[in-house]
Each structure stands twice: as C-alpha cells, then as structure tokens.
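Please work through the exercises below with the sequence and the coordinates open beside you. Each one sets a task and then gives a solution that goes step by step.

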Amino acid sequence: MTRRSISLLGVLAASWWIAAPTGWTHRLDECLQAMRVNVATDRLTLDLDLTPGASVAGQVLALLDLDADGEISATESVDYARRLLRDVAVTLDGRGLSLHVVSADASPLAHLKSGDGRLRIRAHAGWDALGTGTHVLDLTNRHLPSISVYLVNATKPADPALLLGRQVRNPHQSEYRLEFTITRQDATDPSPP
Amino acid sequence: MRKPRRFTVMAVWLWASLLGVVPVLRAAESAAVRVTQAADAFVRTLNESQRRGVQFEFNDAAQRTRWSNLPVSMAKRAGLRLGDLTAEQRAAAMNLLRAALSERGYEKILGIVQSDEVLRRQGNSTVPFGQDEFFISFMGKPSVSAPWMLQFGGHHLALNLTMAGDQGVLTPSLIAVQPAMFEWNGKTVRPMGRETDKALALVQSLDATQRKAAVLAFEMRDLALGPGHDGETIAPEGVQVATFSAAQRQLLLELVAEWSGIIHDAAAQRKLKEIESKLDQTWFAWSGPLEAGKAYFRVQGPTLIIEYAPQRLGGDVTMHIHSMVRDPTNDYGKQFLP
C-alpha cells in the first residue's frame, strides 16, 4: 500500500469519524435511577428519577402500564412506585425503615418509550427524633439490577444543626451509606447552643 | 502660572485615578448599556405579536424553569423560535447574544448551535434538531438598571442570564453538545474542547494523595443536578482545593472560567474573583478513566457547582457531553431582587 493511499484512507477514516452518524442522543440500553437523599431530624426523604432507555423501556412499561391501555395513569404511577420501593432497603443505625410513597409522576408514554421520559418518585420514611451525635443511614437499591445504573447523592439538609459526613457507595451505587451528625439536642431550635 | 499648573496636575491625577480604580465598573456599565441597546434593537425588528411572544413577566415561575437538555419536541420551549425569524431579526438576536456574552462565550454557544445543525444534517432521526430550533425570550423588560433575564436555548443548551445593572449571572445554565467535534466551513470545531482538555490537565497535575481523594470509587453516570433540580445542593466530594499548589489553583480557575466566563467580561471577572476568594472551600471530584472526555468531573464551592458528564447513550462517549453550572446562593439572580 502506498503512502498516498494510506494518507487517503486516514483522511477518509477521520472524515467518517467526525461526521459519523450519531442518531443516538437519548438513553438506550440502561435504566438510570438517580436518587437524592435528604435527612432531617425526624424523617428521610428520597427523590428518585427513573429514566428507562429506549431499548429497555418495554420492560419498565410492562411494569408501569399494567392495563396496557397505552397511558400511564396516576394510580399506575403510584402502584409502580410502591413496588419499586419494596426493592429499596433502608436502615437507620441498623434499624429497618419503611418507605412510603408521597408522589409519583410519569412522563407521557411516548417520551418513556423514546428514552427521554422519566418517572419521578418522592418517598418518606419517618423516625423518632434523633439524639445528638453521629447516625448512619444505609440504603440498598435492588430494583431492576440487570438493566439499571444508579446515582445516589445526599442533598444539603435545611437544618444547619444537621451535618453531613461521609458518603460511601459501591462502584455501581446500588449500595449507599451516609453518616450524618446532629449537633444539638433540639435540632429544630434555631438558637445557637 | 502656579494655579493653572496645579489645577492641570490635579485634573490629570483625578482622571488617572478614575481610570485605574474603576476599570471594571466602566466595563460593566458599558456592558449593561450595550446589552440593553442590543435587546432594544432586537425588539425593534419584531412585529407586535412577536414582541408579545418574546416577553414574559420577570416573576413567571413556569417560564423561568422552562428549559431542558432535551430536544424541543420532547420538552416544550417558549419565546421566539430562531427558525421563525427573518434574517434581519435573527441577526439582531445573535447580536444581542454577542453583547451579553464574552467573545469566547459567544463562540462556545454558537458552536453548540452549529453542532445541533450537524446533528440535523446527519438525518438519522425524526426528532427536530438544528439551528432553527433554538428559542430566545426575555423575563422582565431589558433595562440598564432593573433585573431582567435573557433566556436562550434548545437542545443541549439552556442559557439563563440574569442581569441587573452592572451585575450579571448565568446560573443555572446547561451547556452540552453532540457531536462534540465536527467540521464547519472547513474548520474543526470543539465547542467544549477547552474545558475537556483543561480538566484532564488538572487531574493529571494531582499528586498521588490528591488523586486518591479526587477520583471517586464509584461511577457517576450522569449529572446529579441537571434540569429539574433547582434549589438542590449536594454534599461536596473529592479533593479539597485547599490542598492545591498555586499552579493547580490556576489550572482550576482556568477550567472554571470556561463556564463562568461565558457571560460578558465584566460579570465574568467579578464572578471569577468571587470563586477565587472561596477556593479553600472548593472541591474537585473525578469519576472515570484519566482520559479526555471520558470521565465525569465536578467542581463545587460555596457559590459554584459545575458538573461535566459524558453521556454513555450509544456511540463514542467523548462525542456527547452534558454539563451544568449552578450557584446555590444566586441561581436566577435571586440576590438581585429587592
């Protein structure tokens, strides 16, 4: 092969690479579950955005659109959220917590099918007022593990007496630990200690 | 002869002092006037219906958050669509952007619009892409003193510029691109090339201890604070910039400036000084391989959160980038409000 033909091939390859059809601008073969964890003195709030990729949307929609009428009703969204939360285990200082759906809102079916829609879920778990000191929240998400990627992040608490500590995740973020500290006995009291 | 000479010296001294002491204010004042004049010039090209269409109340909460990374067919935008404007109107709209942004900022935004046009020309989707599918809108009336917002965006772009006299912020804004590199009029364009390369230079500059702290032991597959997450602040992670050398701090500031420097120079300089003053409370985190454009990274300080997330949605991950810039203390310019 001559140097000229090699150069030409290189130019052609580069041109193809630069102009290569992408077409895929939206999530495909994975379901993104992005969770935000907010702790307060008396409760945990989980906000979860579930975005199924176009290639796996069918699996999720089969679980979501139970009557298969091509629409996601409010009831179906909440029912799915409840089933999803059964796959999410949460403990606080080693004690199991029960998650309750506060809201569940789904994008239109067409958007879900194309990989751009999402189901947004908010859930609470309550606990008795916590004492001062460090507490540990552990969370495991086992919902649709074969097709899911997970994100978990703690959001800054509204109460300045609650200080976030370490966040520890496994590589896929399906397991998560948050250490946090309460610095005042009555953490809702805004006056300084 | 003494009095006129003393007067001349004093006048020269005063003039020199003003020039030396208030260069930023002079630049900012000109920016406020320049942007407002460009906005007024744009409005003058519009008919009555278009003037109503571009203008929203400053307190319109729905319009304030009507932005997304998604194509316009998936997430509806409001305002005036570039494709519905005449050539004169479109030129005036782009002149307004040029006035509101720095030179580099305008170049970056133009590149993102061009990248969407490249996507359209590839013709592989029924989704409407392209340079016609970008929208411009005002929240509040353009003014040299009262707060108002310029919004410009579409697929992969959401600029939310809030201006109040000599002040201006561009948070929250979404800066994204696909394809991340393309040919345009015979030149290779990388709208987010500088930030991609600067981030790699920064992480490569870290010593072993810093890198161990900076590189997260888990995958960050997407933005944590993308669209729909206004008002949220996540806990900072990674390596503290307090451990950085002077050279590393400079690298970080140059990286940050790729976002903070999109707005006009006067506002950008002010913002960068603010960020620099808080570097000891700033963190840098990296998730993924130590290669350009293949890893997520985040810069987070008290008044800044930047996220950069390559999108693993099929195809070359380096060719599809999403990023967000936020200021938890002043998103949508809330500090400018009375």
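**Exercise 1.** Decide whether A:Asp116 counts as buried or exposed, and find the side chain with which its own side chain makes a polar contact.

*Solution.* Keep in mind that this is a predicted model. Begin with the position: A:Asp116 sits in the loop between H4 and strand E6 (119-126) of chain A. Next take the relative accessibility, which is 13% for A:Asp116; the limit for a buried residue is under 20%, and A:Asp116 is therefore classed as buried. Finally, look at the side chains, where A:Asp116 and A:Ser114 are joined by a polar contact of 3.2 Å.

**Exercise 2.** Place A:Val101 in its secondary structure element, classify its accessibility and list what it touches beyond its sequence neighbours.

*Solution.* The residue A:Val101 belongs to strand E5 (residues 100-106) of chain A. Its relative accessible area is 24%, so A:Val101 is assigned to the partly exposed class. If residues up to four places away in sequence are set aside, A:Val101 touches A:Val78, A:Ala81, A:Arg82, A:Leu85, A:Arg122 and A:Ala123. As a further check on distance, A:Val101 and A:Asp138 are separated by 37 residues in sequence, and their C-alpha atoms lie 19 Å apart in space.

**Exercise 3.** Two residues of chain A other than glycine, A:Ala68 and A:Gln173, have a positive phi; determine for each of them whether it is buried or exposed.

*Solution.* For A:Ala68, phi is near 50°, and the residue lies in the loop between helix H2 (57-64) and helix H3 (74-85) of chain A. With a relative accessible area of 63%, A:Ala68 is exposed, since the class begins over 50%. For A:Gln173, phi is near 60°, and its place is the loop between E9 and strand E10 (175-182) of chain A. Here the relative accessible area is 1%, and A:Gln173 is therefore buried.

**Exercise 4.** Locate the cis peptide bonds that precede B:Pro172 and B:Pro179, and say in which loops these prolines are found.

*Solution.* The bond from B:Thr171 to B:Pro172 is cis, with omega near -5°, and B:Pro172 is in the loop between strand E6 (167-169) and strand E7 (173-177) of chain B. The bond between B:Gln178 and B:Pro179 is also cis, with omega about 0°, and B:Pro179 is in the loop between E7 and strand E8 (182-184) of chain B.

**Exercise 5.** Describe the interface of chain A and chain B, going from its extent to its polar pairs and then to the elements of chain A that supply it.

*Solution.* Start with the contacts, in which 35 residues of chain A meet 38 residues of chain B. The two chains bury about 2900 Å² between them, and 54% of this area is on carbon and sulfur atoms. Turning to the charged pairs, the count is three salt bridges between the chains, including the one in which the side chains of A:Arg169 and B:Glu237 meet at 2.7 Å, N to O. Ten residue pairs are in polar contact across the interface, with both residues at pLDDT 80 or more. On the side of chain A that touches chain B, at least two residues each come from helix H1 (3-19), strand E1 (31-39), helix H4 (109-114), strand E8 (148-154) and strand E9 (162-169). Of these, E8(A) gives the most, with five residues. By character, the residues on this side of chain A divide into 14 nonpolar, twelve polar and nine charged.

Notes: Residues numbered from 1 in each chain as written. Chains lettered and ligands numbered in written order. Predicted model: local features only at pLDDT ≥ 70, side-chain atom pairs only at ≥ 80, totals over all residues. Heavy atoms only, no water. Contact = heavy atoms within 4.5 Å. Buried area = accessible area lost by both parts, 1.4 Å probe. Salt bridge = Lys/Arg side-chain N within 4 Å of Asp/Glu carboxyl O. Polar contact = N/O pair within 3.5 Å; in protein donor to acceptor, adjacent residues only side chain to side chain. Helix = DSSP H or I, 4+ residues; strand = E, 2+ residues; numbered from the N terminus. Nonpolar A, V, L, I, M, F, W, Y, C, P; charged D, E, K, R; others polar. Buried < 20%, exposed > 50% of the residue type's maximum accessible area, 1.4 Å probe, protein only.
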